[in-house]
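Q: I am new to this structure and would like a close look at one part of it. Could you walk me through the surroundings of a single aromatic residue and then show me how that part fits with the rest?

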Amino acid sequence: MHICFPNFESAFLDSTSQGWVKITATSGSGVFEDGNADVWTDFWSLLKFRGISIDNAHRRSSSQSWCPSQSCGMLGQANSAMTNAVNSILKSLGEDPLREELVETPSRFVKWFMNFRNSNLEMKLNGFVRSRIDTRSPSGQVGNFNDGICSELNLSFWSQCEHHLLPFQGVVHIGYHSSDGVNPVGRPLVLSVVHFYGFKLQVQERVTRQIAETVSSFLGEDIIVVVEANHTCMISRGIEKFGSNTATFAVLGRFSTDPVARAKFLQSLPDSCSAGR
């Protein structure tokens with residue numbers, strides 16, 4: 001499983017980008033040296049019998065053609081001082097930066113890493129900020145809050161852990177109250193808020209709160225945000241198993257005081273969230 005993040009610009013253009021890409025590569029010696037030998041067919045059949053699916057396997061000799069980083073949209077010149085620093089790290093690891101496979105590594109790493117620079121851009125909501133929604137009826141009585149719960153689910157996000165400088169990625173689920181059941185601004189603007197706070201050095205708890213506070217300015221004051229993420233740093237340190245996730249949530253307005261409303265929204269989430277920690 002390879003992490004393949006889009007850059008900041010392409011994330012807005014393609015909301016279907018995947019954080020993890022599964023790649024199967026093969027290599028053989030002796031009777032397996034010939035990738036077309038009948039013994040490979042027998043081996044694939046054995047794996048299939050064991051319930052292991054092998055699709056689109058790549059031979060070792062074609063390693064560069066299937067590397068996901070080649071299609072992550074990294075363009076432009078990398079900062080020379082930063083690439084020299086990466087070269088120094090490679091040397092400290094006992095590697096030769098001039099080795100063919102490593103020549104372009106410092107440049108690729110720096111271009112990818114700069115996706116998460118703190119741009120200090122002001123969040124522009126293009127006039128969509130609206131007055132706080134009053135969930136009471138015209139008579140002043142509190143209406144049936146639970147019946148008006150709406151949601152935007154499975155909003156993809158990518159970020160960089162500020163504690164370990166390693167990536168984490170996942171999905172964001174947002175619940176809000178709407179008496180007419182309509183998102184007043186549309187999913188793209190909500191997704192842009194997610195990307196705006198994701199492409200920075202972050203911690204999951206903070207990005208969850210930032211998203212909640214920002215969307216409350218145009219979706220109303222009653223907001224619940226759940227973020228599910230896979231953390232490379234936690235997987236590499238053995239704290240999480242591969243495929244597991246961590247879930248955080250932030251609540252504003254009535255969601256912070258109404259346990260029934262919170263439960264109704266959480267029950268509507270995909271199963272993966274309930275498995276998070």
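A: Let's start with Trp 112, which is buried in this predicted model. Its relative accessible area is 13%, and the cut-off for counting as buried is under 20%.

The ring of Trp 112 has a partner in Phe 109. Their centres are 5.8 Å apart, and the planes meet at 50 degrees, so the pair is classed as tilted. Both residues belong to helix α5, which covers residues 105-113. Along that helix they are 3 residues apart, which means about one helical turn separates them. Unlike Trp 112, which is buried, Phe 109 is partly exposed, with a relative accessibility of 36%.

This pair is also part of a wider group. Ring pairs join Phe 109 and Trp 112 with Phe 113, Phe 116, Trp 158 and Phe 199 in a cluster.

Phe 109 also takes part in a helix contact. On the α5 side, Phe 109 is joined by Pro 106, Ser 107 and Val 110, while helix α4 brings Met 82, Thr 83, Val 86, Asn 87 and Leu 90. Helix α4 spans residues 80-92, and the axes of α4 and α5 come within 9 Å of each other. They cross at roughly 120 degrees, so the two helices are oblique to each other. The crossing is right-handed.

Now compare this with another pair of helices, α6 (residues 187-198) and α7 (residues 204-219). Their axes lie 10 Å apart, at an angle of about 150 degrees. That makes α6 and α7 roughly antiparallel, because angles over 145 degrees count that way. Here, too, the crossing is right-handed. From α6, the contact uses Leu 189, Val 190, Val 193, Val 194, Tyr 197 and Gly 198. From α7, it uses Val 207, Gln 210, Ile 211, Thr 214, Val 215, Phe 218 and Leu 219.

Two more residues are worth finding while you are looking at these helices. One is Phe 196: the charged end of Lys 200 sits over its ring, 3.8 Å from the ring centre. The other is Thr 208, which lies in helix α7. Thr 208 is buried, at 1% relative accessibility. Leaving aside residues up to four places away in sequence, Thr 208 touches Val 225, Val 227, Thr 248, Phe 249 and Ala 250.

To put the rings in a wider setting, a search of the whole structure finds 13 aromatic pairs. One of them is formed by Phe 32 and Phe 43, with 6.2 Å from centre to centre and 75 degrees between the planes, an edge-to-face arrangement. Phe 32 sits in the loop between β3 (25-26) and α2 (38-49), whereas Phe 43 is in helix α2 itself, 11 residues away. Both count as partly exposed: Phe 32 has a relative accessible area of 28%, and Phe 43 has 32% relative accessibility.

Finally, step back to the whole chain. It has 10 helices and 9 strands, and of its 277 residues, 40% count as buried. Trp 112, where we began, is buried too. Among contacts between residues at least 6 apart in sequence, 71% join residues at least 24 apart.

Note on methods
Residues are numbered from 1 along each chain as its sequence is written. This is a predicted model: local features need pLDDT of at least 70, side-chain atom pairs count only at pLDDT 80 or more; totals for chains, interfaces and linings use all residues. Side-chain values use heavy atoms; hydrogens and water are left out. Rings of Phe, Tyr and Trp (its six-membered ring) pair if their centres lie within 6.5 Å; planes under 30 degrees apart count as stacked, over 60 as edge-to-face and the rest as tilted. Helices (H or I, at least four residues) and strands (E, at least two) are DSSP runs, numbered from the N terminus. Buried means under 20% relative accessible area, exposed over 50%, partly exposed in between (1.4 Å probe, protein chains only). A charge sits over a ring if NZ of Lys or CZ of Arg is within 6 Å of the ring centre and within 35 degrees of the ring normal. Axes are lines fitted to C-alpha atoms, for helices over the stretch in contact, and angles run from 0 to 180 degrees between N-to-C directions. Angles under 35 degrees count as roughly parallel, over 145 as roughly antiparallel, 65 to 115 as roughly perpendicular and the rest as oblique. A crossing is left-handed if the near helix is turned anticlockwise from the far one by less than a right angle, and right-handed if clockwise. Contact means heavy atoms within 4.5 Å.
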